[in-house]
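The following exercises concern a single protein model with a bound ligand. Each task is followed by a worked solution.

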Amino acid sequence: MDFAKLFSSYPKVTVELGMGDGRLLESLAKSDSGLYVGIEINSEQCVQARSRISLDNVVIIDGSFEDVVPAFPNASIDRFIAVLPDPAYIDEKKQDRWKPFYKMVHAKLKKNGTFQLVTEMTDELLQPVSAGDYERWSAWLAASFSSIGFIVDRHEGAPARYSSRCLDQFRGDPERIRIATLDMTKH
Ligand SMILES: C[S@@+](CC[C@H](N)C(=O)[O-])C[C@H]1O[C@@H](n2cnc3c(N)ncnc32)[C@H](O)[C@@H]1O
């Protein structure tokens with residue numbers, strides 16, 4: 001796919017990493033004239049997303065974002081979104097593995113481009129997450145992304161208007177699954 005040509009036809013480009021069945025992508029794209037690209041490694045989810053979404057400004061890519069994102073021109077994306085990435089892409093113990101990927105995300109953003117990450121913390125024994133543990137974890141998360149080069153603004157919870165299959169499920173157990181949103185900017 002010639003991404004430079006595709007992106008040049010739209011005023012803004014948003015990329016959702018691991019978009020699942022595409023319900024959030026659809027809701028964002030239908031009220032906007034920008035291009036929305038969803039990347040998802042699970043082919044069945046891509047089939048569901050394609051049958052759900054009939055909008056000209058949406059492109060669904062069936063593949064790994066680790067393979068797709070490097071093919072974007074540098075400084076070509078206005079906004080990345082990742083809602084509840086798999087542990088391989090956010091777990092504290094795996095940060096040496098995932099940090100290089102988010103450095104690449106940073107490189108692909110335009111100046112003043114943004115990356116919105118919604119992620120969750122659970123207790124290893126599935127007990128309620130204490131305020132102290134949540135604060136320590138969300139501070140670590142913010143520090144990790146600021147070390148990549150982002151200006152980070154962190155909030156508790158997910159954006160109220162967002163709905164996705166996993167988010168709707170996780171919201172049902174707010175004491176044991178505590179969610180944080182990082183709104184990040186590249187300067
Ligand atoms: C926990 S689910 C969240 C899905 C969706 N964002 C939601 O909130 O419902 C994580 C998703 O990331 C996808 N995924 C995992 N690794 C991926 C990769 N390397 N490239 C693209 N998608 C990936 C999974 O297949 C899964 O659909």
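**Exercise 1. Determine how strand 1 and strand 4 are joined in this predicted model.**

Solution. Step one is to locate the two segments: strand 1 covers residues 13-17, and strand 4 covers residues 77-83. Next, count the connections between them: there are four bridges, and the two strands run parallel. A specific pair illustrates the register, since Leu-17 has Ala-82 of strand 4 as its bridge partner.

**Exercise 2. Analyse the pairing of strand 2 with strand 3 and the connection between them.**

Solution. Strand 2 and strand 3 are parallel and share five bridges. Within this pairing, Val-37 is matched with Val-59 in strand 3. Now follow the chain: on leaving strand 2 it passes through helix 3 before entering strand 3, a β-α-β crossover of right-handed sense. Finally, place the helix: helix 3, residues 43-52, lies across strand 2 (35-40) and strand 3, and its direction is at about 160 degrees to strand 3.

**Exercise 3. Establish the strand order of the sheet and identify its edges.**

Solution. The sheet is open and contains seven strands in the order 3-2-1-4-5-7-6, with mixed pairing. The edges are strand 3 (58-62) and strand 6 (150-156), each of which pairs on one side only. Ignoring direction, neighbouring strands are turned against each other by 15 degrees on average.

**Exercise 4. Place the sheet within the chain as a whole.**

Solution. First, tally the elements: the protein chain has seven helices and seven strands. Read from the N terminus, these follow the pattern α-β-α-β-α-β-α-β-α-β-α-β-α-β. The radius of gyration is 16 Å, close to the 16 Å given by the globule rule for 187 residues, so the chain is as compact as a globular protein of that length. Along the principal axes, the C-alpha atoms fill a box of roughly 50 × 35 × 25 Å.

**Exercise 5. Describe the shell around the ligand: which residues come nearest, and which element gives the most?**

Solution. Begin with the residues themselves: there are 19 around the ligand, and those that come nearest are Gly-18, Gly-20, Ile-41, Ser-164 and Cys-166. Sorted by character, the shell comprises nine nonpolar, six polar and four charged residues. Then assign contributions to elements: strand 2, helix 4 (65-68) and helix 7 (165-170) each supply at least two residues. Helix 7 gives the most, with three residues.

Note on methods: Residues are numbered from 1 along each chain as its sequence is written. This is a predicted model: local features need pLDDT of at least 70, side-chain atom pairs count only at pLDDT 80 or more; totals for chains, interfaces and linings use all residues. Two strands pair if DSSP finds at least two bridges between them. Axes are lines fitted to C-alpha atoms, for helices over the stretch in contact, and angles run from 0 to 180 degrees between N-to-C directions. Two residues are in contact if their C-beta atoms, placed from the backbone, lie within 7 Å. A residue is near a molecule or strand if its C-beta atom, placed from the backbone, lies within 6 Å of it. Ala, Val, Leu, Ile, Met, Phe, Trp, Tyr, Cys and Pro count as nonpolar, Asp, Glu, Lys and Arg as charged, and the others, Gly among them, as polar. A crossover is right-handed if, with the strands pointing away from the viewer, the path from the first strand over the helix to the second runs clockwise. The radius of gyration is taken over C-alpha atoms; the globule rule is 2.2 Å times the number of residues to the power 0.38.
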